[in-house]
Amino acid sequence: MAAKNLCVVAMVEEDEELEDGDAGAGRGRGRGRERGRGCGGVQDPGYELQSGINYTDSDGPDDFPEFQPTNEPGLKLPANFVPDSESSFFTLCFPHEIVSNIAKFTDAYARVHIEQKPSYACVWKEEKGVDEIYNFIALLLYMAYHPVPEVRDCWRTNSLFAGNYARRMISSNKRLKAILAFLKIVDHTAEDRNDRYRKVRNLYNHMCQQCSALL
């Protein structure tokens with residue numbers, strides 16, 4: 001009986017020690033949280049900075065600077081410009097002269113490779129000029145708007161792809177790949193090797209000048 005009472009007393013003492021340990025840990029955690037608040041933790045909602053700004057105040061109206069353009073707003077269209085179609089606006093940035101140069105440089109670059117490897121002649125039989133380059137650009141824009149699993153699907157005739165307009169722009173998938181392979185925006189014989197943008201320098205300069213003139 002005495003042994004049983006000793007066991008009960010020991011169990012009670014052990015429980016009291018565990019409770020004291022939990023209370024101490026709770027107090028420690030509480031003090032830690034309080035110290036955290038005091039050292040940059042969550043601030044009181046009514047906390048004010050030294051400047052007197054209170055973050056609980058509602059925001060006032062935004063004070064945007066007044067728009068003061070140096071020129072009259074809007075496009076400055078050429079006097080002879082006739083907006084008869086969407087393509088007429090496109091030609092403001094890609095005029096006939098620029099596209100004609102692209103066609104000329106592309107054909108010259110293709111001829112060089114055909115001389116080195118005559119088998120290329122089967123995909124570059126003739127230069128079709130400005131119209132084909134315009135169609136090429138239009139097809140790239142159309143393919144970005146209407147993507148297909150593979151590029152060659154644009155020329156398929158089954159019902160799933162019947163609505164594609166690729167055949168109206170470029171004769172075949174092989175012709176498109178040939179243009180992509182030989183496309184040159186600048187004269188490849190006059191490229192400045194020290195210019196990082198030599199591949200697009202002419203077009204870049206033209207776009208900058210044209211945008212400045214229109215705006």
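**A walk through a predicted helical model**

Let me begin with a pair of helices, α4, which covers residues 130–145, and α6, which covers residues 173–182, and these two pack at an angle of about 105° with their axes 12 Å apart. I should say at once that what we are looking at is a predicted model. Two packed helices are described by the angle between their axes and the distance between the axes. Since angles from 65 to 115 degrees count as roughly perpendicular, α4 and α6 are therefore roughly perpendicular to each other. If you want to find this contact on the screen, look on α4 for Glu132, Phe136, Leu139 and Met143, and on α6 for Arg175, Leu176, Ile179 and Leu180. When the residues of this contact between α4 and α6 are sorted by character, 6 are nonpolar, 2 are charged and none is polar.

Staying with α6 for a moment, I would like to point out Asn173, which has its place in that helix. Is Asn173 buried or exposed? Asn173 has a relative accessible area of 15%, and because buried means under 20%, Asn173 counts as buried. Once its neighbours within four places in sequence are left aside, the residues in contact with Asn173 are Val151, Arg152 and Trp155.

Now let me step back to the whole chain. The protein has 7 helices and 0 strands, and read from the N terminus the order of elements is simply α-α-α-α-α-α-α. There are 215 residues in the protein, of which 22% count as buried. If we take the contacts between residues at least 6 apart in sequence, 55% of them join residues at least 24 apart.

Next, the loops, which I will take in sequence order. Ser85 lies in the loop between α1, residues 2–38, and α2, residues 86–93, and Ser85 is partly exposed, with a relative accessible area of 27%. The side chain of Ser85 is joined to the side chain of Ser87 by a polar contact of 2.9 Å.

In the loop between α4 and α5, the latter being residues 166–169, we find Thr157. Thr157 is exposed, and its relative accessible area is 64%. How far apart in space are Thr157 and Arg167, C-alpha to C-alpha? The distance is 9.7 Å, for two residues that are 10 residues apart in sequence.

The loop between α6 and α7, where α7 is residues 201–214, holds Lys184. Lys184 is a charged residue by the usual sorting, and with a relative accessible area of 9% Lys184 is buried. The side chains of Lys184 and Glu191 are joined by a polar contact of 3.3 Å. Not counting residues up to four places away in sequence, Lys184 touches Ile102, Phe105, Thr106, Tyr109, Glu191 and Lys199.

Finally, a word on the cysteines. How many disulfides does the structure hold? The number of disulfides is 0. Cys154 is buried, with a relative accessible area of 2%, whereas Cys208, at 36% relative accessibility, counts as partly exposed. For Cys208, the nearest cysteine sulfur belongs to Cys211 and is 7.1 Å away, and because a disulfide needs two cysteine sulfur atoms within 2.5 Å, Cys208 is in no disulfide.

To close where we started, please keep in mind the pair α4 and α6, roughly perpendicular to each other, in a protein with 7 helices and 0 strands.

Conventions: Residues numbered from 1 in each chain as written. Predicted model: local features only at pLDDT ≥ 70, side-chain atom pairs only at ≥ 80, totals over all residues. Heavy atoms only, no water. Axes fitted to C-alpha atoms, helices over the stretch in contact; angles between N-to-C directions. Helix = DSSP H or I, 4+ residues; strand = E, 2+ residues; numbered from the N terminus. Parallel < 35°, antiparallel > 145°, perpendicular 65-115°, else oblique. Contact = heavy atoms within 4.5 Å. Buried < 20%, exposed > 50% of the residue type's maximum accessible area, 1.4 Å probe, protein only. Polar contact = N/O pair within 3.5 Å; in protein donor to acceptor, adjacent residues only side chain to side chain.
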